[in-house]
Amino acid sequence: MAGESTDDLAAVIDGLLPQTQCTRCGYAGCAPYAAAIAAGTADIDRCPPGGAATIEALARLLERAPKPLNPQCGAESPPRIAWIDEDRCIGCAKCLPPCPVDAIVGAAKHLHTVIAELCTGCELCLAPCPVDCIEMRPAAPPARNQPERNRQRYAAHLARLEARKGERARQIALNKALAATGPLAR
Ligand code: SF4
Ligand code: SF4
Ligand code: SF4
């Protein structure tokens with residue numbers, strides 16, 4: 001890894017992570033965890049969705065000995081995806097914002113459903129649901145390109161949030177400008 005910058009190394013490490021963005025590693029997502037490993041401030045044993053295979057891949061990359069998953073981050077489990085009991089869903093929409101890949105569809109006051117092939121199994125939608133009508137169910141093993149698809153969906157999700165923030169800021173600035181000019185003369 002000689003001559004490689006910390007950013008380059010972080011990008012390579014990020015490429016080995018499953019991209020569920022579940023935050024179980026204690027970081028805000030896979031990329032921040034990758035950056036912390038590259039900077040030497042996080043160990044390689046903190047990703048439950050990746051489990052032993054990811055730890056081994058990281059150990060190989062960084063020329064270190066593999067180690068067991070840190071139990072403080074959770075346990076490795078078979079792949080699962082979220083499922084919403086539509087009979088119990090009250091349509092509050094509280095599960096939508098936390099989903100890092102926008103895998104839940106539904107509008108306020110309408111029942112919601114999970115698009116199974118998009119769900120990363122991150123479980124971030126479970127806690128906000130006020131009626132506990134979301135459960136995790138077994139899923140097929142992720143396809144080889146699943147991490148890359150997760151990453152692209154997450155990037156699109158972040159871009160949408162940024163665009164919305166920009167739109168809000170523009171609206172506030174416009175409202176302030178209108179207030180400053182006072183009522184329009186007729
Ligand atoms: S999959 Fe979850 S635990 Fe693993 S690096 Fe990404 S955010 Fe962290
Ligand atoms: S539906 Fe739930 S478990 Fe699936 S990706 Fe979205 S937040 Fe994660
Ligand atoms: S948080 Fe629960 S009740 Fe609310 S819309 Fe989502 S699934 Fe339905």
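Here are a few questions and answers about this predicted model. Local features need pLDDT of at least 70 and side-chain atom pairs count only at pLDDT 80 or more, while totals for chains, interfaces and linings use all residues. Residues are numbered from 1 along each chain as its sequence is written, with chains lettered from A and ligands numbered from 1 in the order in which they are written.

Reader: Which residues come nearest to ligand 1?
Author: Count a residue as near if its C-beta atom, placed from the backbone, lies within 6 Å of the molecule. That gives 16 residues around ligand 1, and the nearest are Cys-22, Arg-24, Cys-25, Cys-30 and Cys-47.

Reader: And which ones come nearest to ligand 2?
Author: There are 15 residues around ligand 2. The ones that come nearest are Ala-82, Cys-99, Cys-119, Cys-122 and Cys-125.

Reader: How far apart do the C-alpha centres of domain 1 and domain 2 lie?
Author: The bounds come from an automatic or database domain assignment, which gives domain 1 as 6–73 and domain 2 as 78–180. In contact terms (C-beta atoms, placed from the backbone, within 7 Å), 5 residues of domain 1 meet 10 of domain 2. The C-alpha centres lie 24 Å apart.

Reader: Which element gives the most to the largest nonpolar core?
Author: Such a core is a set of buried Ala, Val, Leu, Ile, Met, Phe, Trp, Tyr and Cys residues joined through C-beta atoms within 7 Å, buried meaning 20 or more other C-beta atoms within 10 Å of a residue's own. This one has 14 residues, including Ile-13 and Leu-17. Helices are DSSP runs (H or I, at least four residues), numbered from the N terminus, and those giving two or more residues are α1 (6–14), α2 (30–39) and α3 (51–62). With 5 residues, the top contributor is α2.

Note on methods: Two residues are in contact if their C-beta atoms, placed from the backbone, lie within 7 Å. A residue is buried if 20 or more other C-beta atoms lie within 10 Å of its own, exposed if 12 or fewer, and partly exposed in between; C-beta atoms are placed from the backbone.
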